[in-house]
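The exercises below ask you to read a protein model step by step, with the sequence and the structure beside you. Try each task on your own before you turn to its solution.

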Amino acid sequence: MKKLILALTFISVSFLSGESIKSPSGALTLKFFMTPSGQPGYSLTHGEQPVTGKSVLGVLFNDGPGFHTGLKLISADTSTHYEEWNPVWGEVKTIVNHYRELRVKLEQTKDKPAYCFITFRVFDDGIGFRYEFPVQDNLQYFTVKDELTTFNLSGNHKAFWIPGDFDSNEYPYKTTRLSDIDASGGSDFFEISTKSIVGKNVVQTPLMLKTEEGLYINIFEAALKDYPAMNVSVNKDNYELRAVLVPDAVGNKAYLQTPCSTPWRTIIVSDKAEEILSSKLILNLNEPSIIKETDWIKPQKYIGIWWEMHVGKASWNYSDVRNVKLAGFDWSKVQPNGKHGATTERTKYYIDFAAKHGFAGVLVEGWNVGWEDWFGNWKEDVFDFVTPYPDFNVKGLSEYAKAKGVKLIMHHETSASATNYERWIDSAFRFMNYYGYDAVKTGYVGRIIPRGEHHDGQWMVRHYVRVAEKAAAHKIMLNAHEPVRPTGLHRTYPNWLACEAARGNEFNAWSRGNPPEHETILPFTRLMGGPMDYTPGIFQIKMDYYTPGSKFQVHTTLAKQLALYITMYSPLQMAADIPENYDRFPDAFQFIKDVAVDWDDTKILAAEPGDYIVIARKTKGKDEWFIGAITDENSREITVDLSFLGKGAPYNAEIYKDGEDASWDDNPMSYKVEKAVYKTGDKITFRMAKGGGAAVRFSR
Ligand code: NOJ
Ligand code: CA
């Protein structure tokens, strides 16, 4: 089903300068203006409330005047666009893309005359705008020195932020007023492998804000494909945010060739926190799928030889030798360390477990040679992605998995040597096709090669996209760890199921971890751009179970780990704990077995960043609903209305909740499973422990 109505209206320039356009319902008003010095700008209001005051725009070039001052407004066109489209997978079956557009043409007359466009799209829940550079005689190749985009905020808002960093987004969030941001402390996070902190006043996007009046504002970008990622600097005198682009190895920001455009800069705004989470603005600003036949793309749950390495029970490396030169290395001469996780036997055990409990995939990390010295040496030829360790029988296992109806998921840790990965990728993907693997988890731990580049710079942004395109050509689904954070590109590349690109559950295994509020903030920040492979489902919560005396733990109750399958949307969800732990708690494990990963509908029932989230989702093609509810470090009770349930016969509910005495720190594994009956319009109350949560399945 596709409906498209496009209406074009041309407005004369004299009218427009200083004039405004409204969103389809009139909820938002965007004003465009030119300053007396010829710089373009905009302001945005939500009803009567200012979102941004006068905010100037522009792009500076290295090799020409660029487009920032001395510009002439040549024309301004408006149009209205309405469309409904169906994502290949997602939180809802149908997405409405409805906006009014304003496209201004600006001319630079200083040097050789050149022009650009700024296109604004005004939706009811926010705006997107970008700079567009058509093909023209005087503008073909150019280097971006800086982008002067600003967001001139109306006050000293509450901000949920992580430090501006060119390489890592694996920080816990801080919540402060804009004036109290101090982003220089990132160096305390020794557990983050590669950091490039920008400075005291620079934070990352997505940046979540809340005004004194209760307006929620999210600042981010969409469709980042051929450009560096955008951080923002905060001016504490006037609360103006300004774009800070990730530089390349020689300090430039982007190399562009016309026709081209920047990513969309986005402002999502609502007086309801729930509407920030249900916004589809970022997806709508991305291009439709380039993949025509999509039946091979399968949302799924998976298990993996993975957590046992993170908790120190097993190793990725086969031996403890410290210097491996891959070419010609004789693995038969090497003494195994006796801890290697990815053995044929252990993999068979996982395949059996997946087959028994209905998991589609089994990830195996540490299957390939090179893990002995993979990290810390800034080594280029670290893995070849096609040579298994001697104790991993790739052929036998692929046959075994096939016979059991399970797919093995490939792991490609690149150790951030992107040049090496690009040299091997064709062979690696052919190897996967040959052995029947249809999904890959990539990883970028370490300092980037090409040396001097950053994880979030233009070179790497292009690399991640190349990998997604190549994977699509090989019918391979992709899950990238440590890439730039996603910006809705999964609309264009629906084989790109998920990314990590934030501080995942794994940090709880071996560091101070993630505070209980972490998962109540991530949906308002990192998840705005796309699904996260957060790896929920840890049942053995305290790490002293594995390492006596360890103080590390997941900052959660067991019931909250179940709720995360609903509150942290992803079409790819891991049951991250080791199978032996699921065998200890079969009644709680039942929820992970039952929970869906693809949805017809989603209702954000209650949400407040940093405090709580309650979401209901309807399974795709089935009369079945799930609810996930989570809280931060405070216990709380939340009552929600079940009027979204279908009419008619009542639903049987299986309720997974915190035990009376549960609490994330003292008694995290206390939970209860109850059965009840509910019908549409009933109310359900969740009492959540400190750091706790609840999960429900409704079926009939
Ligand atoms: C970091 C990834 O996030 C994690 O999932 C993986 O196990 C390790 N790198 C090793 O590749
Ligand atoms: Ca990681």
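**Exercise 1.** In which sense do E12 and strand E19 (residues 240-245) pair, and over how many bridges?

*Solution.* Keep in mind from the start that this is a predicted model. Begin with the pair itself: E12 and E19 are joined in the antiparallel sense, and three bridges hold the pairing. Next, look for a position that shows it, such as Phe151, which stands opposite Leu241 in E19. Then widen the view to the open sheet of four strands, whose order is E12-E19-E18-E15 and whose pairing is antiparallel. Its edge strands are E12 (150-152) and E15 (202-204), each of which pairs on one side only. Finally, neighbouring strands of this sheet are turned by 30° against each other on average, with direction ignored.

**Exercise 2.** Find the open sheet of seven strands and state the order of its strands; which strands stand at the edges?

*Solution.* The order to trace is E28-E27-E26-E25-E24-E23-E29, and the pairing is parallel. At the edges stand strand E28 (496-499) and strand E29 (572-574), and each has a single partner strand, so one side of each is left without a neighbour in the sheet. On average, and ignoring direction, neighbouring strands here are turned by 25° against each other. For a closer look inside the sheet, take strand E24 (residues 361-364) and strand E25 (residues 407-413), which pair in the parallel sense over three bridges; there, Leu363 stands opposite Ile409 in E25.

**Exercise 3.** Describe how helix H7 (residues 418-434) is placed against strands and against helix H8 (residues 458-473).

*Solution.* First consider the strands: H7 lies across E25 and strand E26 (439-443), and its direction is at about 170° to E25. Now turn to the helix pair, where H7 and H8 pack at an angle of about 5° and their axes are 11 Å apart. Angles under 35 degrees count as roughly parallel, and H7 is therefore roughly parallel to H8. On the side of H7 the contact is made by Ala418, Tyr421, Glu422, Ile425, Asp426 and Phe429, while H8 contributes Trp459, Met460, His463, Arg466, Val467, Lys470 and Ala471. Sorted by class, the residues of this contact are eight nonpolar, one polar and four charged.

**Exercise 4.** At roughly what angle do the axes of helix H5 (residues 344-357) and helix H6 (residues 394-404) cross, and which residues meet?

*Solution.* The axes of H5 and H6 come within 10 Å and cross at roughly 10°, and the two helices are therefore roughly parallel to each other. The crossing in which H5 passes H6 is right-handed. From H5, the residues Thr344, Thr347, Lys348, Ile351, Asp352 and Ala355 meet Leu397, Tyr400, Ala401 and Lys404 in H6. This contact of H5 with H6 has five nonpolar, two polar and three charged residues.

**Exercise 5.** Are the residues of strand E37 (residues 693-699) buried or exposed, and which strands does E37 bridge to?

*Solution.* Start by counting: seven of the seven residues of E37 are buried. Then separate the faces, for Gly693, Ala695, Arg697 and Ser699 lie on one side, Ala694, Val696 and Phe698 on the other, and both sides are covered. As for partners, strand E32 (residues 624-631) runs antiparallel to E37 and is joined to it by seven bridges, with Ala629 and Ala694 as bridge partners. Strand E34 (residues 651-658) also runs antiparallel to E37, and six bridges join these two strands; here Asn652 stands opposite Ser699.

**Exercise 6.** Which peptide bonds are cis at Pro259 and Pro450, and what is the phi of Tyr239 and of Ser415?

*Solution.* Recall that most residues other than glycine have a negative phi, and that most peptide bonds are trans. Against this background, a cis peptide bond joins Thr258 and Pro259, with omega about -5°, and the bond from Ile449 to Pro450 is also cis, with omega near 15°. Tyr239, which is not a glycine, has a positive phi of about 60°, and Ser415, likewise not a glycine, has a positive phi of about 50°. To judge their burial, use the cut-off of under 20% relative accessible area: Tyr239, at 18%, counts as buried, and Ser415 is buried at 7%.

Terms used:
Residues numbered from 1 in each chain as written. Chains lettered and ligands numbered in written order. Predicted model: local features only at pLDDT ≥ 70, side-chain atom pairs only at ≥ 80, totals over all residues. Heavy atoms only, no water. Axes fitted to C-alpha atoms, helices over the stretch in contact; angles between N-to-C directions. Parallel < 35°, antiparallel > 145°, perpendicular 65-115°, else oblique. Left-handed = near helix turned anticlockwise from the far one by under 90°. Contact = heavy atoms within 4.5 Å. Nonpolar A, V, L, I, M, F, W, Y, C, P; charged D, E, K, R; others polar. Buried < 20%, exposed > 50% of the residue type's maximum accessible area, 1.4 Å probe, protein only. Pairing = 2+ DSSP bridges.
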